Amino acid sequence: MTEERSQCLVTGATGYIGGRLVPELLAAGHRVRCLARTPEKLRDHPWRPDAEIVKGDVTDAGSLAEAMKGVDVAYYLVHALGTGRTFEDTDREAARTFGEQARAAGVKRIVYLGGLTPTGVPEDELSPHLRSRHEVGRILLDSGVPTVYLRAAVIIGSGSASFEMLRYLTERLPVMVTPSWVHTRIQPIAVRDVLRYLVGSAGMPEDVNRAFDIGGPDVMTYLDMMQHYAAVAGLRRRVVVPVPILTPNLSSHWVNLVTPVPRSIARPLVESLRHEVVCDEHDIARYVADPPGTPMPFVESLTLALRRIRDAEVITRWSSASTAGAPSDPLPTDPQWAGGSLYTDRRARRVEASKDSLWQVVEGIGGENGWYSFPLAWVVRGWLDRLVGGVGLRRGRRDAKRLRVGDSLDFWRVEEIDRGRLLRLRAEMRVPGLAWLEMYVGEDRQGRTVYRQRALFHPRGLWGHAYWWSVAPFHAFVFGGMAQNIAGAAKTLEADRQAVEGAEHRDAEDAVRREARQ
């Protein structure tokens, strides 16, 4: 394996794996270019100044051709899962386009991360998710560009969908009614090992064109994984009541009900657990050596993931990528809406606190901190969203204190952040239209701190107009209460700060007096 540094193209950089791979490639000395449909989502990543960002899509041959100029290694880390019944067709065409453009551009290596398929199971019996991932791998292997196809089962890391599903099922259900798939054997792998293999694959010999199974050192059932999680998290051993009649479809509803993972993602995860997914080989170690202690044992990967969550060091989450079916249009400018409808709800309040204190409250909104108004209304809206297949209110936050563009925030996504001044959120809940919520921190002509809030809604059809007017009577409680309580929270924070500063000042004065007496 050569140590040559390469020009790498990373697709899926706004997603869970891609967002973590970029800094690892940079740390290894490679040059990185990211292909993103919405480059603005990468603006606040700490590695952004060191990487090149280009706008494009894997389904668009023109943008791919431009992005692949001068590229040595191209990482394919995207899929169309959850975009509808035709997602397999979309995946197929995207992979073909990617392979064709890579070959035309003279790319030396494609690296693809797919799913581990069970041995001996006919392809038509695989879940649509696994079948599509496997087909993408075959297409890339046949593209004429040497390809490394890494096949992983369950990836364990802070913020991964598999980890979040395991975490919430175990934490919230001390007594569990479980389907038969919890007894299926699985070979999980830590996300840091996945990243190590992805980075190492950039230096594969030119004649390597094959799939590699990658997994951790432990093989266990999903039930074993839940019991291990309970032990690591300091929980009592879980009581399990098996119910074999729970199909993957019913199980996905159950997962959707208990965890933050929506059914559109839960179902393919559950379906992929119907069959045993255990590595048949570990040939990857011939090309990407395993240092001592790697691959990481399962319990150690759980411990590390929980530590990352506790220390607020979650780099990316499963919800970092755009949610399929959710609105993705940015907030429009007024000229684009000429002749259309744009409903608004405006609120403003003077705040007896500094702008810094107010901004801290604004940027900390959502997740465990809540939405500062009528909590029951937000909870009910979240449940209703889950019932119709939406993301609901339980995605929480990546970081308890800081946000960045592209972050998911309960059933919103951060569309714009001008730190200290503006936070704009775009709704990803199921609504008949497009919705945004803006929060401003400013001051009036007398220099006093002012909080301004604006909710906007662009209705889609008659149902959209009916929706707005049906919820408008509650805006005074929801949005009015939010503005009032945010102002109140900022005032309390300011008072707490002043109390701490006063105590520190008094302690310093006492220390000076004691020293003078000596």
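Q: Buried means under 20% relative accessible area, exposed means over 50%, and partly exposed lies in between (1.4 Å probe, protein chains only); which of these words applies to Tyr372, and why?
A: Tyr372 has a relative accessibility of 23%, so it counts as partly exposed. The model is a predicted one, in which local features need pLDDT of at least 70 and side-chain atom pairs count only at pLDDT 80 or more, while totals for chains, interfaces and linings use all residues. Residues are numbered from 1 along each chain as its sequence is written, and side-chain values use heavy atoms, with hydrogens and water left out.

Q: What makes the phi of Tyr372 notable?
A: Most residues other than glycine have a negative phi. Tyr372 is not a glycine, yet its phi is positive, at about 65°. Tyr372 is placed in the loop between α11 and α12 (375–387).

Q: Why is Asp410 called buried or exposed?
A: The relative accessible area of Asp410 is 3%, and Asp410 is therefore buried. Asp410 also has a positive phi, about 55°, although it is not a glycine. Its place is in the loop between β15 and β16.

Q: What makes the bond between Thr294 and Pro295 notable?
A: Most peptide bonds are trans. The one that joins Thr294 and Pro295 is cis, with omega at about -5°. Pro295 lies in the loop between α9 (263–271) and α10 (298–310).

Q: How many helices and strands does the protein have, and how are they recognised?
A: There are 14 helices and 19 strands. Helices (H or I, at least four residues) and strands (E, at least two) are DSSP runs, numbered from the N terminus.

Q: How many disulfides are counted, and by what rule?
A: A disulfide is a pair of cysteine sulfur atoms within 2.5 Å, and by this rule the count is 0. Cys8 is buried, with a relative accessible area of 0%; Cys279 is also buried, at 17%.

Q: What makes β3 and β11 edge strands?
A: Seven strands form an open sheet with parallel pairing, in the order β3-β2-β1-β4-β5-β6-β11. Two strands pair if DSSP finds at least two bridges between them. β3 (52–55) and β11 each have a single partner strand, so one side of each is left without a neighbour in the sheet.

Q: How do you know that β6 and β11 are paired?
A: The two strands are joined in the parallel sense over 5 bridges, which satisfies the requirement of at least two. In one of these pairings, Val148 of β6 (residues 147–152) has Arg210 in β11 as its bridge partner.

Q: What makes Val148 buried, and which residues does it touch?
A: Val148 has a relative accessible area of 0%, so it is buried. Contact means heavy atoms within 4.5 Å; leaving aside residues up to four places away in sequence, Val148 touches Arg109, Ile110, Val111, Tyr112, Ser201, Met204, Arg210 and Phe212.

Q: Which residues have the most contacts inside the largest nonpolar core, and what makes a set of residues a core?
A: A nonpolar core is a set of buried Ala, Val, Leu, Ile, Met, Phe, Trp, Tyr and Cys residues joined through side-chain atoms within 4.5 Å. The largest has 39 residues, and those with the most contacts inside it are Ile17, Tyr75, Leu113 and Leu198. Helix α6 gives the most to this core, with 6 residues. Leu198 touches residues including Ile17, Tyr75 and Leu113. Another core lies apart from it and has 38 residues, among them Val351 and Phe479.

Q: What makes β14 and β15 edge strands?
A: The open sheet of 6 strands follows the order β14-β19-β18-β17-β16-β15, with antiparallel pairing. β14 (343–350) and β15 (408–409) each have a single partner strand, so one side of each lacks a neighbour in the sheet. Within this sheet, 11 bridges join β18 (residues 433–443) to β19 (residues 449–459).

Q: Which helix touches β14, β18 and β19, and how is its direction described?
A: Helix α14 (residues 475–517) packs on the sheet by touching these strands, and its direction makes about 30° with that of β14. Axes are lines fitted to C-alpha atoms, for helices over the stretch in contact, and angles run from 0 to 180 degrees between N-to-C directions.
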